[in-house]
Amino acid sequence: MIGRCMILGFVLIFVVACNNEQIVVPKPRQYPKIVFPEKKYKDFDTDYCPLYFSFPEYGNIEKTTSFFEENPPHPCWFNVEYPEFNGRLHCSYYPIGEAKEFDDLIRDAFQFVGKHDMKANYRQESSILSDAGIGGILFEIDGPVATPVQFFLTDSTQHFFRASLYFSNKVNPDSMAPVHAFIKEDILDMIKSFRFE
């Protein structure tokens, strides 16, 4: 009887002692906080490109010097680098009729976007038409794709410009969504300020 009382006493003490402890729950998985720079823009205006636009001060222009181990088809190939976000906007320019015909350039733009359809959750296409007579299409691609935003701009007679946004890190749409949205604002400003010269 005394043995049972002692066991019951130990169990009672153990239960009471355990009720005072906090249950440890692991923290949920989180992504690092992103501190975005202030939105300020500067002009892209060079002698090797017949075009003008504004781009963010936290971006850098890097001229493309090789394309699959060859020279680019035109000197006006460059990247807008986003070093803080490990991303870049690949930009290419073609004079219509010299390097390629207009229909071929449009077809190529849609084929480049179409390569991401297999992994994309959806693709949204928005028409672009500026007061300067520049038209095009903005492609927004959602899902675990390499490029969330692509677009092309053209006057349909002389100039064709195409750009694709890429990031040099693992594709994770949830963690990258704030960065995509932030840089998309820069791309929209670029499109709004864009003109051919």
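Let me begin with a definition: when I call a residue buried, I mean that its relative accessible area is under 20%. What I am showing is a predicted model, and in this model buried residues make up 39% of the 197 residues in the protein.

In overall layout, the protein has three helices and ten strands, and if you follow the sequence along, the order of these elements reads α-β-β-β-β-β-α-β-β-β-β-α-β. As for the contacts with a separation of 6 or more, 50% of them are accounted for by residues 24 or more positions apart.

I would like to turn now to the interior. The largest nonpolar core holds 33 residues, and those that touch the most other members are Leu51, Phe78, Leu89, Phe151, Phe161, Ile183 and Ile187. At least two residues of this core come from each of strand 2 (51-56), strand 4, strand 5, strand 8, strand 9 and helix 3 (173-193), with helix 3 giving the largest share, seven residues. To take one of these residues, Leu89, and leaving aside its neighbours within four places in sequence, we find it in contact with Phe78, Asn79, Val80, Tyr82, Phe151, Ala163, Ser164, Leu165, Ile187 and Met190. There is also a second, separate core, which has 14 residues, among them Leu105, Ile106, Val113 and Phe152.

That brings me to helix 2, which runs over residues 102-114. At 1.5 Å a residue, its 13 residues should span 18 Å, and the end C-alpha atoms are indeed 18 Å apart, so the expected and the modelled values agree. Which residues of helix 2 are buried? They are Leu105, Ile106, Asp108, Ala109 and Val113, and because they cover an arc of only 160 degrees around the axis, they lie on the same side of helix 2. The general background is that an α-helix has 3.6 residues a turn, so residues three or four places apart point the same way. The partners against which the buried residues of helix 2 pack are strand 5 (87-95), strand 6 (122-129), strand 7 (135-142), strand 8 (149-154) and strand 9 (159-167).

Just beyond, in the loop between helix 2 and strand 6, we come to His116, which counts as buried because its relative accessibility is 13%. Not counting residues up to four places away in sequence, His116 touches Ile141, Val145, Ala146, Thr147, Gln150 and Tyr166.

My last topic is the aromatic residues, for which the count comes to 21 aromatic pairs. In one of them, the rings of Phe44 and Phe78 have their centres 4.6 Å apart and their planes at 25 degrees, so this pair is stacked. The pair links distant parts of the chain, with Phe44 in strand 1 (residues 41-44) and Phe78 in strand 4 (residues 77-82), 34 residues apart, and both Phe44 and Phe78 are buried. By contrast, the rings of Phe110 and Phe139 have centres 5.2 Å apart and planes at 85 degrees, and therefore this pair is edge-to-face. Here Phe110 belongs to helix 2 and Phe139 to strand 7, 29 residues apart. Of these two, Phe110 counts as partly exposed at 29% relative accessibility, whereas Phe139 is buried, with a relative accessible area of 1%.

One aromatic cluster is formed by Phe44, Tyr48, Phe53, Phe55, Phe78, Tyr93, Phe151, Phe161, Phe194 and Phe196. Charged residues also meet rings: Lys63 lies over the face of Tyr48, at 4.4 Å from the ring centre, and the charged end of Arg195 sits over the ring of Tyr52, 4.1 Å from its centre.

Note on methods. Residues are numbered from 1 along each chain as its sequence is written. This is a predicted model: local features need pLDDT of at least 70, side-chain atom pairs count only at pLDDT 80 or more; totals for chains, interfaces and linings use all residues. Side-chain values use heavy atoms; hydrogens and water are left out. Helices (H or I, at least four residues) and strands (E, at least two) are DSSP runs, numbered from the N terminus. The expected span of a helix is 1.5 Å times one less than its number of residues. Buried means under 20% relative accessible area, exposed over 50%, partly exposed in between (1.4 Å probe, protein chains only). The arc is that of the directions from the helix axis to the C-beta atoms. Contact means heavy atoms within 4.5 Å. Rings of Phe, Tyr and Trp (its six-membered ring) pair if their centres lie within 6.5 Å; planes under 30 degrees apart count as stacked, over 60 as edge-to-face and the rest as tilted. A charge sits over a ring if NZ of Lys or CZ of Arg is within 6 Å of the ring centre and within 35 degrees of the ring normal. A nonpolar core is a set of buried Ala, Val, Leu, Ile, Met, Phe, Trp, Tyr and Cys residues joined through side-chain atoms within 4.5 Å.
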